[in-house]
Amino acid sequence: MRPRQLVTVVYTSHMKEIHAAEFKAKCLAILDEVAQQGESFTILKRGKPVAQLIPPTPRVHQFPQQELIGSVSILGDVVSPTLPAEEWKAEGRRLT
């Protein structure tokens, strides 16, 4: 059995630092803390930052596509083919 290690969390300018091995062991609890308290974490590997875990930005819309409503203009016919059927190479070939 491995000896118990102390939890090492370093506070630096509103962002906690945590070692990758410890993050791996406590990932779900840390994710809950980020979600509930808005805490941010810098994840360290061998003492160097490798990732940041930050709370998500609040969503304005349920689906990302809804943010595009009103931002697209349809110019011309978007249903008809761009070339007439006579110009299609696939039209003249038969599959056997």
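Where is Val78 found? In this predicted model, Val78 is found in the segment after strand E4, which spans 48-53. Val78 counts as exposed, at 61% relative accessibility. Together with Val72, Ile74 and Val79, Val78 makes a nonpolar surface patch of about 460 Å².

The protein contains two helices and four strands. Read from the N terminus, the order of elements is β-β-α-α-β-β. Of the 96 residues, 15% are buried. The accessible surface comes to about 9,300 Å². Carbon and sulfur atoms account for 57% of that surface. Among contacts between residues at least 6 apart in sequence, 27% join residues at least 24 apart.

Confidence varies along the chain. The mean pLDDT is 81. A value of 70 or more is reached by 78% of the residues. Among the elements, helix H1 (residues 20-25) has the highest mean pLDDT, 95. Strand E1 (residues 10-12) has the lowest, 50. Where pLDDT is low, predicted coordinates should not be read in detail.

The largest nonpolar core consists of seven residues: Ile18, Phe23, Ile30, Val34, Phe41, Ile43 and Leu53. Helix H2 (27-37) and strand E3 (40-45) each supply at least two of these residues. In soluble globular proteins, nonpolar side chains tend to be buried together.

Phe41 is a core residue in strand E3. Its relative accessible area is 3%, so Phe41 is buried, the cut-off being under 20%. Leaving aside neighbours within four places in sequence, Phe41 is in contact with nine residues named here: Met15, Lys16, Ile18, Ile30, Glu33, Val34, Ala51, Gln52 and Leu53. Phe41 and Pro55 are 14 residues apart in sequence. Their C-alpha atoms are 9.4 Å apart in space.

Leu53 also belongs to the core. With neighbours within four places in sequence left aside, Leu53 is in contact with the core residues Phe23, Ile30, Val34 and Phe41. Leu31, Glu39 and Ser40 are also in contact with Leu53.

Thr42 is found in strand E3. Thr42 is buried, with a relative accessible area of 7%. Neighbours within four places in sequence aside, Thr42 is in contact with Met15, Lys16, Glu17 and Ile18. Pro49, Ala51 and Gln52 are also in contact with Thr42. Lys16 and Ile18 are among the residues that contact Phe41 too.

Val50 lies in strand E4. Val50 is exposed, with a relative accessible area of 52%. The cut-off for exposed is over 50%, so Val50 falls in that class. Not counting residues up to four places away in sequence, Val50 touches Ile43, Leu44 and Lys45. Val50 and Ala20 are 30 residues apart in sequence. In space they are 8.7 Å apart, C-alpha to C-alpha.

The loop between E3 and E4 holds Arg46. Arg46 has a positive phi of about 55°, although it is not a glycine. With a relative accessible area of 83%, Arg46 is exposed.

Charged pairs were examined next. Side chains of opposite charge can pair when their charged atoms come close. The count comes to two salt bridges. One is formed by Lys16 and Glu33, with the closest N and O atoms 2.3 Å apart. This pair links distant parts of the chain. Lys16 lies in strand E2 (residues 15-19) and Glu33 in helix H2, 17 residues apart. Both Lys16 and Glu33 are buried. Both are also in contact with Phe41.

The side chains of Glu22 and Lys26 meet in the other salt bridge, at 3.7 Å from N to O. Glu22 counts as buried, at 13% relative accessibility. Lys26 has a relative accessible area of 34% and is partly exposed.

Definitions and conventions
Residues numbered from 1 in each chain as written. Predicted model: local features only at pLDDT ≥ 70, side-chain atom pairs only at ≥ 80, totals over all residues. Heavy atoms only, no water. Core = buried A, V, L, I, M, F, W, Y, C linked by side-chain atoms within 4.5 Å. Buried < 20%, exposed > 50% of the residue type's maximum accessible area, 1.4 Å probe, protein only. Contact = heavy atoms within 4.5 Å. Patch = residues over 30% accessible without salt bridge, like charges linked within 9 Å, V, L, I, M, F, W, Y side chains within 5 Å. Areas by Shrake-Rupley, 256 points an atom, 1.4 Å probe, with all protein chains shown as cover. Salt bridge = Lys/Arg side-chain N within 4 Å of Asp/Glu carboxyl O. pLDDT = per-residue confidence, 0-100.
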